[in-house]
Amino acid sequence: MKDFIKTTELPGNHQDLEKMSVQKLLSTINQEDQSVPLAVEKSLPQIEKLTQQIIAKLKDGGRLFYIGAGTSGRLGILDASECPPTFGVSKELVIGIIAGGEKAIRDAVENAEDSKEQAVLDLKKHQISSKDVLIGIAASGTTPYVIGAVEWCNEQKIITGCITCNAESPLSLVAQFPIEVVVGPEFVTGSSRMKAGTAQKLVLNMISTSTMIQLGRVKGNRMVDMQLSNEKLVQRGIKMIVEATKVTPKLASEQLDFHGSVRVAIENIKTNEKN
């Protein structure tokens with residue numbers, strides 16, 4: 001890959017950052033960030049192809065795995081961890097794996113991203129199989145840990161995709177369904193937690209949300225299967241029931257308390273109205 005150029009590592013578009021005022025720093029970062037959704041838009045056909053594969057596998061009882069290192073790994077874990085409370089699915093349906101394990105979620109783990117072998121061991125802990133889908137996440141597209149995971153999954157006939165911010169990277173070349181969101185140089189040269197990280201977060205949101213909707217985990221535009229884990233969410237659930245059925249907040253609250261589910265409460269109220 002001698003011709004491969006990491007655009008994420010090229011010198012930033014702005015120099016002498018330390019001489020900028022706070023206002024200038026903020027406005028310039030904001031200007032750079034505005035290019036990210038446009039870069040994502042160009043990748044929509046790639047995102048759709050991978051998402052269709054994920055939906056088919058999950059409908060057939062499979063799981064979705066994210067694997068990455070550093071910021072990319074943390075973003076995968078974030079998206080995976082938000083699926084159960086938002087959509088009421090098992091925490092085993094979407095699984096995030098990061099190089100270096102639990103410690104790496106908060107602290108950098110030296111050399112963790114360099115081992116292809118460790119990636120395979122980490123995947124085997126979850127008994128990943130051909131029923132599942134793996135997405136490797138790496139802004140650079142060169143992380144050995146992520147590439148190793150994708151290569152091994154290909155050998156096991158597991159569907160693989162990737163999210164990277166460089167075109168024709170080594171990771172893109174091994175993934176069956178690559179997603180390349182080319183955001184260009186970072187505001188701070190090489191700091192891929194910025195535009196690249198934002199791009200990865202947007203794509204992950206799109207993939208998991210679209211998948212959950214297709215799995216029937218949203219009704220209308222409401223999170224009817226969300227976990228009622230605090231008072232704010234209980235009140236949100238009551239509001240959803242009121243909006244969907246036009247009953248009083250008091251009755252909505254009683255039904256939610258009884259059934260413990262926004263979806264079931266709405267269905268029960270509508271069934272009783274018919275009878």
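Biologist: What area does the protein expose, and what share of it do carbon and sulfur atoms supply?

Modeller: The protein exposes about 14200 Å², and carbon and sulfur atoms supply 51% of that area, where accessible areas come from the Shrake-Rupley method with a 1.4 Å probe and, for residues, only the protein chains shown count as cover. This is a predicted model, in which local features need pLDDT of at least 70 and side-chain atom pairs count only at pLDDT 80 or more, while totals for chains, interfaces and linings use all residues. Residues are numbered from 1 along each chain as its sequence is written, and side-chain values use heavy atoms, with hydrogens and water left out.

Biologist: How many helices and strands does the protein have, and what does its C-alpha trace span along the principal axes?

Modeller: There are 11 helices and five strands, where helices (H or I, at least four residues) and strands (E, at least two) are DSSP runs numbered from the N terminus. Along its principal axes the C-alpha trace spans about 70 × 50 × 35 Å, and 44% of the 275 residues count as buried.

Biologist: Why is isoleucine 179 called buried or exposed?

Modeller: Buried means under 20% relative accessible area, exposed over 50%, and partly exposed in between (1.4 Å probe, protein chains only). Isoleucine 179 has 0% relative accessibility, and therefore it counts as buried. This residue lies in strand S5 (residues 177-180), and its contacts (heavy atoms within 4.5 Å) include Ser43, Ile47, Cys162 and Val203, not counting residues up to four places away in sequence. Isoleucine 179 and leucine 44 are 135 residues apart in sequence, yet their C-alpha atoms are 8.6 Å apart in space.

Biologist: Why is threonine 28 called buried or exposed, and what does it touch?

Modeller: The relative accessible area of threonine 28 is 1%, so this residue is buried. Threonine 28 has its place in helix H1 (residues 22-33) and touches His14, Met20 and Phe187, again leaving out residues up to four places away in sequence.

Biologist: What makes the phi of glutamine 127 worth noting?

Modeller: Most residues other than glycine have a negative phi. Glutamine 127 is not a glycine, but its phi is positive, at about 50°. Its place is in the loop between helix H5 (116-124) and strand S3 (133-137), and its relative accessibility is 66%, so glutamine 127 counts as exposed.

Biologist: What is the phi of lysine 246, and where is this residue placed?

Modeller: Lysine 246, a residue other than glycine, has a positive phi near 70°. Lysine 246 is in the loop between helix H9 (231-245) and helix H10 (249-259), and at 70% relative accessibility it therefore counts as exposed.

Biologist: How do you know that strands S1 and S2 pair?

Modeller: Two strands pair if DSSP finds at least two bridges between them. Five bridges join strand S1 (residues 64-68) to S2, and these strands run parallel. Isoleucine 98 in S2 is the bridge partner of glycine 68, and four of the five residues of strand S2 (residues 94-98) are buried.

Biologist: Where does UniProt place the feature "domain: SIS"?

Modeller: The unreviewed UniProt entry places this feature at residues 54-217, and such annotations may be inferred rather than shown by experiment. In the model, the end C-alpha atoms of residues 54-217 lie 15 Å apart, and the span is 43% helix and 15% strand.
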